[in-house]
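Take a look at the model below. The report after it walks through selected features, one heading at a time.

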2 protein chains.
Amino acid sequence: MATRTAAALREEARAAYDAFVKECPTSQLLARISDKWVGLVLSALGEAEQGSMRYSELGRKIPGVSQKMLTQTLRSLERDGIVTRTVTATVPVRVDYRLTELGGSLGCLLSSVKQWAENHFDEVSAHRDAYDEAAATA
Amino acid sequence: MATRTAAALREEARAAYDAFVKECPTSQLLARISDKWVGLVLSALGEAEQGSMRYSELGRKIPGVSQKMLTQTLRSLERDGIVTRTVTATVPVRVDYRLTELGGSLGCLLSSVKQWAENHFDEVSAHRDAYDEAAATA
DNA sequence: CTGAATCCCACATGATACTG
DNA sequence: CAGTATCATGTGGGATTCAG
């Protein structure tokens, strides 16, 4: 038939996407670090007094994170060289996470983003109310 | 029956989530601004020479964004008072987006995050390769 | 204690087509 | 040009259970 099938078109699209990713891989990285959990984890580690935190400490410090997301996020950060993972073979096991130097530089940035959110929440909230009211009136 | 239905459980979970959101609304805001598209839009607007950009300019400047996501992101940013939307009733219509003062302060931060991604991509990439190889060897 | 593995689904996002 | 509407899909992410 003259037209390609939907599946073929999807294949093509995927191939094009892969090519794009190769061309612009930083977009990938940006997406990775533009993640709520990444921001919270790095902020927490950045603020840690000893510079390192245990798995369960992180879980308690970060509101609403599930085991799965915490583990997943930490693994991904470890893979990217942002954090180090240190296992102490005691009973029970103890695992500490610490920012690498590379991670520290990113942690600063993300902390300031988190700070921004906290500092400007009221302002944003007011804008939202105004916007919604205007829409309701119209 | 003794156990609650799946639907009821979901209802409960949603209620708990809503309660949590009320308690910690900045987490909401952080999730909003920790978004790939938000970062790219604000970076683009921050770098704009006239300080403002048209809808289609943004679409061209930001690689891989769909109309839907661009519109959605811009609306959300407008609602939050991060950008302003100006319609010029010419033919064809012209719509410009510009950072507000509030948006400017956030734009700086997100631009530096984007910069970080671009500057450290090679380093992260090297870490990934090392990590993956170690995993393959083991 | 620190995960790994599985199931499951709601939602975010993308592609496409249409409109003022 | 700047959207809106609709549909299809992938996946993020929670709950649960098992393991070292």
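## The surface near DNA strand D

This is a predicted model. In it, 17 residues surround DNA strand D. The closest are Ser66(A) and Lys68(A) from one chain, with Ser56(B), Arg85(B) and Tyr97(B) from the other. By residue type, this surface divides into 7 nonpolar, 4 polar and 6 charged residues. Now turn to the DNA side. Of the strand D atoms within 4 Å of the protein, 61% belong to sugar or phosphate. The rest belong to bases.

Three side chains can be picked out. Lys68(A) has a side-chain N or O atom 2.3 Å from a base oxygen of DNA strand D. Arg85(B) places a polar side-chain atom 2.5 Å from a phosphate oxygen of strand D. For Arg75(B), a polar side-chain atom lies 3.3 Å from a phosphate oxygen of that strand. Which elements give two or more residues to this surface? Chain A supplies helix H5 (67-79). Chain B supplies helix H4 (55-61), helix H5 (67-79) and strand S3 (94-99). H5(B) gives the most, with 4 residues.

## Chain A as a whole

Chain A has 7 helices and 3 strands. Along the sequence they follow the pattern α-α-α-β-α-α-β-β-α-α. Trace that order in the structure as you read it.

How much of chain A is buried? Of its 138 residues, 39% count as buried. The chain exposes about 8,100 Å². Carbon and sulfur atoms supply 54% of that area. Contacts also link distant parts of the sequence. Take the contacts in chain A with a separation of 6 or more: residues 24 or more positions apart account for 48% of them.

## One side of helix H2(B)

Helix H2 of chain B spans residues 25-33. Its buried residues are Ser27(B), Leu29(B), Leu30(B) and Ile33(B). Why do they sit on the same side of H2(B)? They cover an arc of only 160 degrees around the axis, so they share one side of the helix.

These buried residues pack against elements of both chains. From chain A come helix H3 (36-47), helix H6 (101-119) and helix H7 (121-137). From chain B come helix H3 (36-47) and helix H6 (101-119).

## Asp80(B), a buried loop residue

Asp80(B) is placed in the loop between H5 and strand S2 (83-88) of chain B. Is this residue buried or exposed? Its relative accessible area is 2%, so Asp80(B) is buried.

Residues of both chains touch Asp80(B). Leaving out residues up to four places away in sequence, they are Val124(A), His127(A) and Arg128(A), plus Arg32(B) and Leu102(B). With Arg128(A) there is a polar contact: the two side chains are joined at 2.6 Å.

## Trp37(A) and Val83(A)

Trp37(A) lies in helix H3 of chain A. Its relative accessible area is 15%. A residue under 20% counts as buried, so Trp37(A) is buried. What does Trp37(A) touch, not counting residues up to four places away in sequence? The list is Ile62(A), Pro63(A), Gly64(A), Val65(A), Met69(A) and Thr73(A). Leu70(A) is 33 residues apart from Trp37(A) along the chain, yet their C-alpha atoms are separated by 7.5 Å.

Val83(A) is in strand S2 of chain A. It counts as buried, at 3% relative accessibility. Leaving aside neighbours within four places in sequence, its contacts include Leu42(A), Leu45(A), Leu74(A) and Leu77(A). Among the others are Glu78(A), Tyr97(A), Arg98(A), Leu99(A) and Thr100(A). Val83(A) and Glu123(A) are 40 residues apart in sequence, and their C-alpha atoms are 34 Å apart in space.

## Cis peptide bonds

Where are the cis peptide bonds in question? In chain A, one joins Val91(A) and Pro92(A), with omega about 0 degrees. Pro92(A) lies in the loop between strand S2 (83-88) and strand S3 (94-99) of chain A.

In chain B, a cis peptide bond joins Val91(B) and Pro92(B). Omega is about 0 degrees there too. Pro92(B) has its place in the loop between S2 and S3 of chain B.

How values were computed:
Residues are numbered from 1 along each chain as its sequence is written. Chains are lettered from A and ligands numbered from 1 in the order in which they are written. This is a predicted model: local features need pLDDT of at least 70, side-chain atom pairs count only at pLDDT 80 or more; totals for chains, interfaces and linings use all residues. Side-chain values use heavy atoms; hydrogens and water are left out. A residue is near a molecule or strand if one of its heavy atoms lies within 4 Å of it. A polar contact is a pair of N or O atoms within 3.5 Å; within protein, one must be able to donate a hydrogen and the other to accept it, and residues adjacent in sequence count only if both atoms are side-chain atoms. Ala, Val, Leu, Ile, Met, Phe, Trp, Tyr, Cys and Pro count as nonpolar, Asp, Glu, Lys and Arg as charged, and the others, Gly among them, as polar. Buried means under 20% relative accessible area, exposed over 50%, partly exposed in between (1.4 Å probe, protein chains only). Contact means heavy atoms within 4.5 Å. Accessible areas come from the Shrake-Rupley method with a 1.4 Å probe; for residues, only the protein chains shown count as cover. The arc is that of the directions from the helix axis to the C-beta atoms.
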